[in-house]
Amino acid sequence: MARERHSGNAGGKGGTGLGRFLRARRARVTPADVGLPEGPGLRRTPGLRREELATLAGVSIDYYTRLERGKETNPSPSVVDALAAALRLDGTEREHLRDLAARAARAVPELPTAPGGSGHRGGSVDPGVELLLESMRPNPAHVVSRTMDVIAANPGGLRLMAGLEDWPEKQRNIVRYVFLHPAARALFDDWENQIRGCVARLRTLASTDPDAPDLADLVDELLLKSPDFARLWEAYDVKGHSSGRKTFHHPRGGDVTFGYQSMALEGTDGHPLVAYHAPPGTPEYDAMLLLDTAGEAGEQPARRAGAGRPAAG
């Protein structure tokens with residue numbers, strides 16, 4: 001089933017989110033990374049063997065095998081921390097591992113959400129947020145849902161993703177755009193890093209709410225349509241970026257590098273506002289002006305992605 005693929009059961013691997021994350025991370029750590037000898041001959045297992053990781057973490061091979069296969073679902077905090085250290089996880093990955101362990105301990109079944117069950121789909125913003133987006137012009141800015149549906153945007157915030165405005169409003173999603181829109185690969189100077197960040201955001205959400213319809217439907221669609229997404233989904237990266245700089249090769253704005261900042265909007269269901277910036281008087285600022293004023297006359301201040309259609313249930 002599609003929901004099984006989204007939860008990570010593709011290929012018959014099964015198990016829990018915790019077990020799949022451990023397996024994916026184990027495959028990325030080499031013996032040399034942790035000071036172990038490679039040993040003679042070829043290794044059939046990518047990365048560490050189960051027994052090697054178990055030894056490093058100070059647990060029995062039987063216990064670790066049961067943990068990875070989903071037969072053991074209640075590791076202690078000390079075991080989780082020992083595994084994180086053995087796998088050389090960073091702070092974000094450690095927190096993700098703890099979240100997965102907590103979910104496994106609660107024995108929450110990874111089953112499809114029943115029709116009419118709880119879940120999130122898109123959303124809307126208050127009029128005050130629309131005014132805020134308008135006041136930020138010419139800085140491109142948009143508000144996205146937790147699965148990166150574009151909920152609201154000022155003109156530049158929509159046009160910055162070249163070609164996104166040509167899609168129907170209900171299809172405007174940043175993750176869908178970077179993987180499926182023909183202009184996306186040329187737009188981003190570091191397209192591979194961009195798609196990794198998008199998948200990491202969805203993977204982090206999947207650790208806490210894996211069966212939500214908005215997440216499941218988007219992941220299922222991308223698994224079917226994008227081999228690149230399927231490849232990265234199985235890698236279980238959870239690192240994201242909330243600020244920095246991005247370089248664009250834009251058909252309207254040219255080759256420009258903008259700073260960006262993601263800001264959480266309190267009182268919303270996980271909706272961040274993402275804004276781009278450049279110092280006045282620079283070519284980058286001129287490009288923002290061009291993106292802001294390139295639309296038709298009489299354009300509304302902030303384009304709401306959900307305007308004119310009923311909210312999804």
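A residue counts as exposed when its relative accessible area is over 50%. Arg88, with a relative accessible area of 55%, is therefore exposed. The views below are taken from a predicted model.

**View 1. Arg88 and Tyr236, two loop residues with a positive phi.** Arg88 lies in the loop that runs between helix H5 (77-86) and helix H6 (91-105). Phi of Arg88 is near 60°, although the residue is not a glycine. Tyr236 likewise has a phi near 60°, and its place is in the loop between H13 and S3. Most residues other than glycine have a negative phi. Whereas Arg88 is exposed, Tyr236 has a relative accessibility of 4% and so counts as buried.

**View 2. The cis peptide bond between Arg137 and Pro138.** Omega of the bond joining Arg137 and Pro138 is about 10°. Most peptide bonds are trans. Pro138 belongs to the loop between helix H7 (127-135) and S1.

**View 3. Strand S1 and its antiparallel partners S2 and S5.** In strand S1 (residues 141-144), Ala141 and Val143 point one way, while His142 and Val144 point the other way. All four of these residues are buried. S1 pairs with S5 in the antiparallel sense over 3 bridges, with Ala141 standing opposite Ala275 of S5. The pairing of S1 with strand S2 (residues 150-153) is also antiparallel, over 3 bridges; here His142 stands opposite Ala153 of S2. S1 and S2 form a hairpin with 5 residues between the two strands. Within this turn, Met148 has a positive phi of about 75°.

**View 4. The enclosed strand S5 and its pairing with S4.** Of the 6 residues of S5, 5 are buried, so the strand is largely enclosed by the rest of the structure. S4 and S5 pair in the antiparallel sense over 6 bridges. One of the bridge partners in this pairing is Val274 in S5, which is matched with Ser262.

**View 5. Helix H14 and its buried face.** Helix H14 spans residues 283-293, and Tyr285, Ala287, Met288, Leu291 and Asp292 are buried in it. Seen down the axis of H14, these buried residues fall within an arc of 155°, so they line one face of the helix. An α-helix has 3.6 residues a turn, so residues three or four places apart point the same way. The buried residues of H14 pack against helix H8 (155-159) and against three strands: S3 (243-250), S4 (254-264) and S5 (272-277). The exposed residues Pro283 and Thr293 are carried on the face of H14 turned away from the buried side.

**View 6. The largest nonpolar core and the surroundings of Phe179.** The largest nonpolar core has 44 residues. Val175, Tyr177, Phe179, Phe188, Phe229 and Phe258 have the most contacts inside this core. Helix H11 (residues 191-208) gives the most to the core, contributing 7 residues. When neighbours within four places in sequence are left aside, Phe179 is in contact with Ile195, Val199, Leu222, Ser226, Asp228, Phe229 and Leu232. Apart from this core lies another, of 24 residues, which includes Ala57, Tyr64, Leu100 and Ala101.

**View 7. Aromatic pairs of helix H13 and of strands S3 and S4.** A search of the whole structure finds 8 aromatic pairs. Among them, Phe229 and Trp233 are stacked, at 5.6 Å centre to centre and with 15° between the planes. Both residues lie in helix H13 (residues 227-233), 4 residues apart, about one turn of the helix, and both are buried. The ring centres of Phe248 and Phe258 lie 6.0 Å apart and their planes stand at 45°, so this pair is tilted. Phe248 in strand S3 and Phe258 in strand S4 are 10 residues apart, and the pair links distant parts of the chain. Phe248 and Phe258 are both buried. Together with Phe188, Tyr260 and Tyr276, these two residues form one aromatic cluster.

**View 8. Charged side chains over the rings of Trp233 and Tyr260.** Arg203 lies over the face of Trp233, at 3.7 Å from the ring centre. Over the ring of Tyr260 sits the charged end of Lys246, 4.8 Å from the centre of that ring. Trp233 is the stacked partner of Phe229, and Tyr260 belongs to the aromatic cluster with Phe188, Phe248, Phe258 and Tyr276.

Terms used:
Residues are numbered from 1 along each chain as its sequence is written. This is a predicted model: local features need pLDDT of at least 70, side-chain atom pairs count only at pLDDT 80 or more; totals for chains, interfaces and linings use all residues. Side-chain values use heavy atoms; hydrogens and water are left out. Buried means under 20% relative accessible area, exposed over 50%, partly exposed in between (1.4 Å probe, protein chains only). The arc is that of the directions from the helix axis to the C-beta atoms. Contact means heavy atoms within 4.5 Å. Two strands pair if DSSP finds at least two bridges between them. A nonpolar core is a set of buried Ala, Val, Leu, Ile, Met, Phe, Trp, Tyr and Cys residues joined through side-chain atoms within 4.5 Å. Rings of Phe, Tyr and Trp (its six-membered ring) pair if their centres lie within 6.5 Å; planes under 30 degrees apart count as stacked, over 60 as edge-to-face and the rest as tilted. A charge sits over a ring if NZ of Lys or CZ of Arg is within 6 Å of the ring centre and within 35 degrees of the ring normal.
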